[in-house]
Amino acid sequence: MDGKRRLLWLWLVATLVASGGAGCPQMVRRYTNPMPPLLPPSPSIEQVIQVVNDNTRRIYSFSTNKATLSVPGAPTLRANLAMQRPRCFRLRAESLMRGPELDVGSNEELFWFWVRESPDPSVFYCRHDEFASSRARQMIPISPEWLVEAMGIVELDPALPHQGPFTRPDGRLEIHTIVETAVGPSKKVTIIDQDYGWVLAQHLYDQHDRLIVSLTAEEHRRDPLSGLTMPKKVSIHCPRNDFHMNVDLGNVEINTLTSDQHKLWEIPDYRGSPTINLGSPSSIATAHGS
């Protein structure tokens with residue numbers, strides 16, 4: 001697959017969600033002045049859920065304007081990322097010579113994607129409540145709401161059927177969960193740091209135990225202002241599509257976005273790119289999806 005086609009697959013794996021390669025993540029960088037462990041030895045599932053969710057639920061927003069995005073065979077792109085709960089997300093990347101290359105985003109009503117190098121460089125969008133029955137579901141195997149999880153912002157739902165935590169040979173913890181996706185019930189394997197509860201990897205398998213997507217995170221950092229933790233580097237691997245993407249988040253700011261940032265969550269308008277509603281295949285809407 002050439003570099004342009006690899007770049008086109010970016011929006012397909014935006015599902016989720018942070019931000020790396022197949023298999024186990026590399027060693028996570030510890031703090032210079034390490035904190036005491038947040039998890040006891042051999043923790044219960046309830047204790048793991050509490051530690052993971054305590055960090056995640058206090059991250060209301062994050063932003064970075066010094067991220068980089070790279071896929072094999074294509075130049076590294078500069079990127080801006082932002083997230084605001086519950087559904088607002090924006091990833092924009094550009095090259096030095098040509099400007100904007102891709103735009104993937106979501107607001108409370110809908111999500112969209114635009115890729116300069118796609119065969120049809122339109123701004124495609126779909127309402128969240130129409131996703132399951134839309135053309136978008138045929139193109140994206142898992143919900144776009146996983147975009148946030150792909151950036152390392154993971155919450156473990158206590159109501160879901162979890163198995164574990166199991167202690168792996170490397171000492172890390174592993175949890176198995178059955179989750180509902182657009183392609184039906186799937187198995188999610190979550191790998192967690194045994195001391196601090198950082199989510200290091202998420203692997204999603206279909207009903208036939210075939211890997212759909214792997215998300216891994218490393219170099220977790222504690223924000224000195226909020227005391228909350230996010231990874232610096234995340235990777236996405238989608239073996240069915242021969243896709244592998246790395247994102248370096250740079251210096252992330254946590255919980256600093258304000259209400260006047262609302263334009264971040266508006267569907268974009270790119271000259272020469274019509275706006276197409278995948279929820280209603282025959283419709284071509286305005287840039288605001290109305």
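**Strands, a pocket and unusual backbone geometry in a predicted model**

Strands E4 and E5 form a hairpin, with three residues lying between them. The model in which this hairpin appears is a predicted one, and the hairpin is a convenient place to begin reading the structure.

E4 covers residues 99-106, and its pairing with E5 is antiparallel, extending over five bridges. Individual bridges fix the register of this pairing. Leu-102 has Val-115 of E5 as its bridge partner, while Gly-105 is matched in E5 with Trp-112.

On its other pairing, E4 meets strand E3, which spans residues 88-95; these two strands are again antiparallel and share seven bridges. Within that pairing, Leu-91 has Val-104 of E4 as its bridge partner. The connection from E3 to E4 is also a hairpin, made through three residues. E5, in turn, pairs with strand E6 (residues 123-127) in the antiparallel sense, over four bridges. Here Leu-110 is set against Arg-127 in E6. The reader can thus trace pairings from E3 to E4, from E4 to E5 and from E5 to E6.

How well covered are these strands? In E4, seven of the eight residues are buried, and the strand is mostly covered. In E5, which comprises residues 110-115, six of the six residues are buried, so this strand is largely enclosed by the rest of the structure. The side chains of E5 are divided between two directions: Leu-110, Trp-112 and Trp-114 point one way, whereas Phe-111, Phe-113 and Val-115 point the other way, and all of them are buried. The threshold behind this reasoning is a relative accessible area under 20%.

Another buried position is found in strand E13, which runs over residues 243-248 and contains Met-245. Met-245 is buried because its relative accessible area is 2%, under the 20% limit. Between Met-245 and Val-234 there are 8.6 Å from C-alpha to C-alpha, and the two are eleven residues apart in sequence.

The second largest pocket offers a view of how other elements are arranged. Its volume is about 290 Å³. The lining of this pocket consists of 21 residues, and those nearest its centre are Val-51, Asn-55, Tyr-196, Trp-198 and Thr-229. Helix H2 (45-56), strand E11 (211-222) and strand E12 (229-238) are the elements that each give two or more residues to this lining. H2 contributes the most, with five residues. Sorted by class, the lining of the second largest pocket holds eleven nonpolar, seven polar and three charged residues.

Several backbone features also deserve inspection. Most peptide bonds are trans, and most residues other than glycine have a negative phi. Against that background, the bond between Arg-85 and Pro-86 is cis, with omega about 0 degrees. Pro-86 sits in the loop between strand E2 (77-84) and E3. A cis peptide bond also runs from Gly-164 to Pro-165, where omega is near 5 degrees. Pro-165 belongs to strand E7, residues 162-167.

Positive phi values occur at two residues that are not glycine, described here in turn. At Asp-209, phi is near 65 degrees, and this residue lies in the loop between strand E10 (199-205) and E11. At Glu-219, phi is near 55 degrees, but Glu-219 is placed in strand E11. Glu-219 is buried because its relative accessible area is 13%, which is under the 20% limit. E11 therefore holds this buried residue, and E11 is also one of the elements that give two or more residues to the lining of the second largest pocket.

Finally, the confidence of the prediction should be considered. The protein has a mean pLDDT of 81, and 78% of its residues reach 70 or more. Over residues 1-33, however, pLDDT stays under 50, although the model has 124 contacts for this stretch beyond four places in sequence. Residues 283-290 likewise have a pLDDT below 50, and the model gives this stretch 17 contacts beyond near neighbours in sequence. Where pLDDT is low, the predicted coordinates should not be read in detail.

Terms used: Residues are numbered from 1 along each chain as its sequence is written. This is a predicted model: local features need pLDDT of at least 70, side-chain atom pairs count only at pLDDT 80 or more; totals for chains, interfaces and linings use all residues. Side-chain values use heavy atoms; hydrogens and water are left out. Buried means under 20% relative accessible area, exposed over 50%, partly exposed in between (1.4 Å probe, protein chains only). Two strands pair if DSSP finds at least two bridges between them. pLDDT is the predictor's confidence in each residue, from 0 to 100. Contact means heavy atoms within 4.5 Å. On a 1 Å grid over the protein atoms alone, a cavity is a set of points where a 1.4 Å probe fits but cannot get out, and a pocket is an open set with protein on both sides within 12 Å along at least five of seven lines; lining residues have an atom within 4 Å of a point. Grid points are joined across faces, edges and corners, and a volume is the space filled by probe spheres set on the points. Ala, Val, Leu, Ile, Met, Phe, Trp, Tyr, Cys and Pro count as nonpolar, Asp, Glu, Lys and Arg as charged, and the others, Gly among them, as polar.
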